[in-house]
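Q: Please take a close look at one part of this structure, its aromatic side chains, and then place that part in the wider context of the chain.

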Amino acid sequence: MTTTYRLHVNELTTDLVKSIKSAFKGKTVEITVSDTLDETDYLLADEANRKSLEKSMQQAAAGELVTFTVDEFEEKYGTK
């Protein structure tokens, strides 16, 4: 069994440890801790992606939007 816990460091409590002990009772577990970028930081980390997102936000703010129905999307992108 694999379980991923994603939480802020301030949320680490003894209750979390108790929960892990209960979920994996009698087993050996491996715990790896790493920091993560939030979604916004991740998307903005790449220069080209950041520029593309900024351009899209400017276009949306200017009312330059493309709209279509679900059927039109499925027809265009072949998801049916």
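Which residues form one aromatic cluster?

A: In this predicted model, the aromatic cluster is formed by Phe68, Phe73 and Tyr77. The number of aromatic pairs comes to two. One of them joins Phe68 and Phe73, whose ring centres are 5.6 Å apart and whose planes meet at 15°. Because planes under 30 degrees apart count as stacked, the pair of Phe68 and Phe73 is a stacked one. Phe73 also pairs with Tyr77: here the centres are separated by 4.7 Å and the planes stand at 40°, so this pair is tilted. Phe73 thus takes part in the pair with Phe68 and in the pair with Tyr77.

The position of the second pair along the chain can be followed in helix H4, which covers residues 70–77. Phe73 and Tyr77 are four residues apart in that helix, which means a separation of about one helical turn.

As to solvent accessibility, Phe68 has a relative accessible area of 47% and is therefore partly exposed. Phe73, at 33%, is likewise partly exposed. Both values fall between the limits of 20% for buried and 50% for exposed, so neither term applies to these two rings.

Elsewhere in the chain, helix H3 comprises residues 47–61 and has the highest confidence, with a mean pLDDT of 95. The lowest is found in helix H2, residues 39–45, at a mean of 88. For the chain, the mean pLDDT is 90, and 99% of the residues reach 70 or more. The geometry of H3 agrees with expectation, because its 15 residues, at 1.5 Å a residue, should span 21 Å and the C-alpha atoms at its ends are 21 Å apart. Just after H3, Gly63 adopts a positive phi of about 85°.

Within H3 lies Arg50, which is partly exposed at a relative accessible area of 22%. Its C-alpha atom is 9.8 Å from that of Thr40, a residue ten positions away along the chain.

A further feature is the largest pocket, with a volume of about 740 Å³. It is lined by 22 residues, and Tyr5, Arg6, Ile31, Thr32 and Val33 are those that lie nearest its centre. The lining of this pocket consists of eleven nonpolar, eight polar and three charged residues.

Technical notes: Residues numbered from 1 in each chain as written. Predicted model: local features only at pLDDT ≥ 70, side-chain atom pairs only at ≥ 80, totals over all residues. Heavy atoms only, no water. Phe/Tyr/Trp six-rings, centres within 6.5 Å; stacked < 30°, edge-to-face > 60°. Buried < 20%, exposed > 50% of the residue type's maximum accessible area, 1.4 Å probe, protein only. Helix = DSSP H or I, 4+ residues; strand = E, 2+ residues; numbered from the N terminus. 1 Å grid on protein atoms, 1.4 Å probe; cavity = no way out; pocket = protein on both sides within 12 Å on 5 of 7 lines; lining within 4 Å. Points joined across faces, edges and corners; volume = space filled by probe spheres on them. Nonpolar A, V, L, I, M, F, W, Y, C, P; charged D, E, K, R; others polar. pLDDT = per-residue confidence, 0-100. Expected span 1.5 Å × (residues − 1).
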